[in-house]
Amino acid sequence: MNVIPEPLPGGSALARDYIHHYEKVGHLYGGDFRSAESRAERAAWLDSTEGLRADRAGIAECLRQYNLKWNPHPAVMDSLALLEQQGTLVVTAGQQSGLFTGPLFVIYKAITTIQAAKEAAAQLGRPVVPLFWIAGEDHDWDEVNHTFILNRTGEVTKLKLDKAGDLRSSVSSIKVEEESWQQIIEQLDGLLQDSEFKPQIMEIIRESSAAAGSLSEAFAKLMGSLFGRFGLILLDSADPELRRLEAPMFQTLIEHNDELEAAYQAAAGEITDSGYELQAAVAAGSANLFYIHEGTRLLLHKEEGRFTDRKGTVSFSREELLEQLEARPEQFSNNVLTRPLMQDYVLPVLATVLGQGELAYWAIPRLAFKVAGEQMPLILPRMSFTVVEGTLHKHMDKYQLVFGDVLLGLDSKRKEWLAAQDELGLERRFEDTKAAFLAMYEPLIEQLGSIQAGLLKLGANNKDKILDQITFLQAKAQDAMEKQNEAALRQWERIELSLMPMGKLQERVYNVMFYLNRYGPAWLDELMKIPVDYSGTHRIIYM
């Protein structure tokens, strides 16, 4: 396995400057992730504010019960035993629960988290454990109910999981029937090529869904199967037991909601005044909280001193909302701007691992952390990769292609290559033929017009028909050329489909099961050996 840096353009300007020019945006964040001094300062602050967070023992026990059910590896229990001890810090990452773990970048985010925790523990000389925050409270089912596989015939295939009911419930509370699991697993089995690892991979997948009543539970079981041995703790943000422990922070979010709104607005103003675009909406009057009513997750906003949803389904005074919180904390849920505050209350977060899109919108809660009595944690850009299989690499060398060519699109390169295979010079000869025909025929048509005016129009129509026929024959010749080079053109197509499917980076489309099926579970161990890199630089893994 050979790993080569491949810097990519793109991403928001704020994320790029955070990674490459921190001095320009440091005022929008909580510290430089590359600085040992920043890590030490963050650790010291966490030590001094231990009593301001949720009870460590209670959180550890809640997570222990959850992980015993879905992620019971002894290494995870060891991580939880450490978390229970005062002084242990956490590196976190989070993601919605995707089908069969979702896109590859979820795997890379988990790997970054594990590696970063290990590195931080060595640097600080104290325990630091990795934790993956499953955003099971989110309700965007259509965003997480599918994944993509490169199938046996080299085509991109979408797998989609059905659900029962149409409520806008949190993903963790949406029930998935056993029949739906069986159908989707059989589809995956039919798409994956036979390999020496396939029986093992399919068994892991079947076990992950066997006891799972929801997508979040299957996601947790599968992530545990892949990363439990590395001590990765899992947390579901929709866990009712966790919600009870979060109640004091929800109380803060309700009681200080106006101050928090002002903080979000002020931070948004700083971001735009610095010349950057906002990466998340900061709506006036938004409470930045959800309330779950009869199974539906409703976004609350403030209207005439009351908390209500846009349709007026529910309406509470501040006091009534606090009463609801005391009676039923499981009815409350964070949004994208309050979840960072909740994470910082629940856990002693040294650093959190984010993708570039997340990295940009995390600047918005910076001032809100202060309102909540917290400080923004350090942010680590997740590692980013594209996997190039050995055969694919040979094909790229054969056609003198580099990853940058694929990134830009191969249409022009492919046409150039196909033209070079044309030993008869067909394109040139057809164009010469058209030009010669016109040179002889157009003067003749003009002369015919002097005999009879109607012949001029007839001649022009006749000319167009002959040109159409020549063009038709040219297209047929081109088709024949492509058919003659069909095997090679399939190789071009496979390169593009493998590395830039649907015009997107591989890690944003394909599921890890294709690669585990090809290289086996030990492939994750190989990925773990790749040196950590928080520079945001994309890297190519040549297998």
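**A tour of selected salt bridges**

Begin by selecting R243, which is buried, with a relative accessible area of 3%. The model under view is a predicted one. Add E246 to the selection; this residue also counts as buried, because its relative accessibility of 0% falls under the 20% limit. The side chains of R243 and E246 form a salt bridge, with an N to O distance of 2.6 Å. Both residues belong to helix α11 (residues 240–255), where they are 3 residues apart and therefore separated by about one helical turn.

Next, select R339 and D138. Their side chains meet in a salt bridge at 2.4 Å, N to O. R339 lies in helix α14 (residues 339–346), while D138 sits in the loop between β3 (128–134) and α7 (141–144), so the pair ties together parts that are 201 residues apart in sequence. Both R339 and D138 are buried.

Move then to R494 and E389, whose side chains make a salt bridge of 3.8 Å, N to O. This pair links distant parts of the chain, 105 residues apart: R494 is in helix α22 (residues 486–499), and E389 is in the loop between β14 (384–388) and α17 (390–398). Is each partner buried or partly exposed? R494 counts as partly exposed at 27% relative accessibility, whereas E389 is buried at 4%.

Finally, select E137, D138, R243, E246, R297 and R339 together: salt bridges that share partners join these residues into one network. For the model as a whole, the count comes to 38 salt bridges.

Key. Residues numbered from 1 in each chain as written. Predicted model: local features only at pLDDT ≥ 70, side-chain atom pairs only at ≥ 80, totals over all residues. Heavy atoms only, no water. Salt bridge = Lys/Arg side-chain N within 4 Å of Asp/Glu carboxyl O. Helix = DSSP H or I, 4+ residues; strand = E, 2+ residues; numbered from the N terminus. Buried < 20%, exposed > 50% of the residue type's maximum accessible area, 1.4 Å probe, protein only.
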